[in-house]
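Please open the model in a viewer and keep the sequence panel at hand. The tour below proceeds from the whole chain to individual residues, with a selection proposed at each stop.

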Amino acid sequence: MSGPAPRRRGTGTVSSPVTRRVLVDEEFVLLVEAAVPDLDLAGWLAGRREELLSDLDRHGAVFFRGFEVRTPDDFSQAARAVSPDLLGYLERAAPRHEVADRVFTSTEFNAEQWIPLHHEMSYSHNWPRYLYFWCAQPATGSGGATPLASERVITPLIPADVRERFLRSGVCYVRNYGPHLDLPWQEAFQTTDRAEVEAYCAASATEFTWLGDDGLRTRARRQAVATHPRTGETVWFNHAHLFHVSNMPAEVSAALLREYGPDGLPRNAYFGDGEPIPDEVVTELRDRYREHAVSVPWQRGDVLVVDNFLATHGREPFSGDRQILVAMSDLYVNRSVL
């Protein structure tokens with residue numbers, strides 16, 4: 001990437017401040033490393049938005065290593081150097097905490113669990129085009145990488161009959177919010193006002209039903225694929241394999257089904273016409289993502305930028321302490337489902 005001469009904190013300019021290399025043969029994931037000490041990532045990225053987006057168009061993800069990114073504010077400034085207006089997080093699917101303005105903790109699921117590779121918020125009618133991750137603390141024990149998979153590799157591997165079935169009907173997501181199921185609706189929608197939730201659901205073509213004193217069920221039909229707004233590529237883009245009941249441990253899903261029935265599960269995915277998705281279909285999708293995933297172990301201060309259309313991300317299990325922060329930008333609205 002070219003652009004204004006970069007700066008180091010407290011120093012003058014340098015002529016060759018970074019090195020670049022691709023991590024996977026298929027041109028997937030570009031590693032950009034600082035070649036000089038104390039190189040300020042926000043300052044280096046200033047004026048380079050189009051160059052970075054072009055790199056993302058080509059490589060799907062860009063890893064920045066060795067730059068000076070010490071605090072959540074440093075990370076926020078680096079992300080805002082590319083995208084000044086970072087996004088909030090509504091219609092949440094996982095617990096997170098905001099640690100700086102529109103900078104969040106990454107998904108706070110049990111450290112022993114894999115988080116399957118997925119596109120951020122592909123269950124919604126809108127989602128971020130770009131994701132920013134910052135490693136404040138790599139796992140002090142083992143594991144904890146954020147695996148990535150290229151949708152340019154995965155999409156062609158989806159069997160034609162599966163692709164056709166999803167394209168014909170889309171995906172239907174049913175979610176139940178409550179204090180004992182998944183997230184409370186107040187956390188998911190970031191409000192305590194039922195009228196605000198109803199307005200959001202109405203605007204996003206989401207059916208909703210209030211259940212008892214503090215429960216909410218939503219049902220929404222969404223896309224199976226999406227078209228990249230810059231490259232024009234059509235890629236697999238949904239949460240069916242992640243929200244499907246088969247993604248839970250068998251003993252957990254069995255207990256929930258006994259207690260709440262199929263309509264009362266915290267979340268589940270169906271074909272868009274309401275027909276069940278066979279377990280083997282989504283299991284194969286999860287397996288393909290894992291099989292083709294690329295893992296780069298985190299180092300403190302690393303920043304990873306991901307094109308949310310072209311790459312999926314997940315999380316490996318880990319031990320010890322770990323903190324990865326995330327920011328999101330460039331909201332994309334899928335008008336075809338509204």
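The stops that follow cover a predicted model, beginning with the overall fold and ending with backbone details.

**The whole chain**

Begin with the full chain in cartoon representation, coloured by secondary structure. The chain contains 10 helices and 17 strands. Its radius of gyration is 20 Å, close to the 20 Å that the globule rule gives for 338 residues, so the chain is as compact as a globular protein of that length. Aligned along the principal axes, the C-alpha atoms fill a box of roughly 65 × 45 × 40 Å.

Next, display the molecular surface. The accessible surface amounts to about 14,400 Å², and carbon and sulfur atoms contribute 49% of that area. Of the 338 residues, 54% count as buried. A contact map would complement this view: among contacts with a separation of 6 or more, 77% join residues 24 or more positions apart. If the charged side chains are coloured by sign, the 35 positive and 47 negative charges have mean positions 3 Å apart.

**The nonpolar cores**

Hide the surface and select Phe 133, Phe 166, Ile 277, Leu 304 and Val 306. These residues touch the most other members of the largest nonpolar core, which has 49 residues. Centre on Phe 133 and show its surroundings. Beyond residues up to four places away in sequence, Phe 133 touches Phe 75, Trp 298, Asp 302, Val 303, Leu 304, Val 306, His 313, Ile 324, Leu 325 and Val 326. A second core, separate from this one, has 31 residues, including Val 62, Phe 67, Ala 78 and Val 103.

**Phe 237 in its loop**

Select Phe 237, which is found in the loop between strand S13 (234-236) and helix H8 (240-243). Is Phe 237 buried or exposed? Its relative accessible area is 0%, under the 20% limit, so Phe 237 counts as buried. Apart from neighbours within four places in sequence, Phe 237 is in contact with His 119, Glu 120, Ser 122, Trp 127, Gln 223, Ala 224, Val 225, Ala 226, Asn 308 and Phe 309. Add Tyr 123 to the selection and draw a C-alpha to C-alpha distance: Phe 237 and Tyr 123 are 114 residues apart in sequence and 8.7 Å apart in space.

**From His 244 to helix H9**

Move along the chain to His 244, in the loop between H8 and H9. With 3% relative accessibility, His 244 is buried. Which residues does His 244 contact, leaving aside its neighbours within four places in sequence? They are Asn 268, Ala 269, Ile 277, Asp 279 and Val 282. Ile 277 was also selected at the largest nonpolar core. The C-alpha atoms of His 244 and Arg 267 are 7.2 Å apart, with their positions 23 residues apart in sequence.

Continue to Ser 253 in helix H9 (residues 250-260). Ser 253 has 11% relative accessibility and counts as buried. Leaving aside neighbours within four places in sequence, Ser 253 is in contact with Val 245 and Met 248.

**Asn 176 in strand S9**

Select strand S9 (residues 171-177) and, within it, Asn 176. Asn 176 is buried, at 3% relative accessible area. Not counting residues up to four places away in sequence, Asn 176 touches Leu 181, Asp 182, Leu 211, Leu 216, Arg 217, Asp 263, Gly 264, Leu 265 and Pro 266. For a C-alpha to C-alpha distance of another kind, add Gly 88: Asn 176 and Gly 88 are 88 residues apart in sequence and 22 Å apart in space.

**Helix H2 and positive phi values**

Show helix H2 (residues 49-59) with side chains. Its buried residues are Leu 52, Leu 53, Asp 55, Leu 56, Asp 57 and His 59. Just after H2, Gly 60 adopts a positive phi of about 85°.

Most residues other than glycine have a negative phi. Two further selections depart from this pattern. Arg 102, which is not a glycine, has a positive phi of about 60°. Arg 102 sits in the loop between strand S4 (98-100) and strand S5 (103-105) and is partly exposed, at 36% relative accessibility. Finally, select Gln 190, in the loop between helix H6 (185-188) and helix H7 (194-203). Gln 190 has a positive phi near 55°, and its 43% relative accessibility makes it partly exposed.

Methods. Residues are numbered from 1 along each chain as its sequence is written. This is a predicted model: local features need pLDDT of at least 70, side-chain atom pairs count only at pLDDT 80 or more; totals for chains, interfaces and linings use all residues. Side-chain values use heavy atoms; hydrogens and water are left out. A nonpolar core is a set of buried Ala, Val, Leu, Ile, Met, Phe, Trp, Tyr and Cys residues joined through side-chain atoms within 4.5 Å. Buried means under 20% relative accessible area, exposed over 50%, partly exposed in between (1.4 Å probe, protein chains only). Contact means heavy atoms within 4.5 Å. Helices (H or I, at least four residues) and strands (E, at least two) are DSSP runs, numbered from the N terminus. The radius of gyration is taken over C-alpha atoms; the globule rule is 2.2 Å times the number of residues to the power 0.38. Accessible areas come from the Shrake-Rupley method with a 1.4 Å probe; for residues, only the protein chains shown count as cover. Lys and Arg count as positive and Asp and Glu as negative; His and the chain ends are not counted. The place of a charge is taken as NZ of Lys, CZ of Arg, CG of Asp or CD of Glu.
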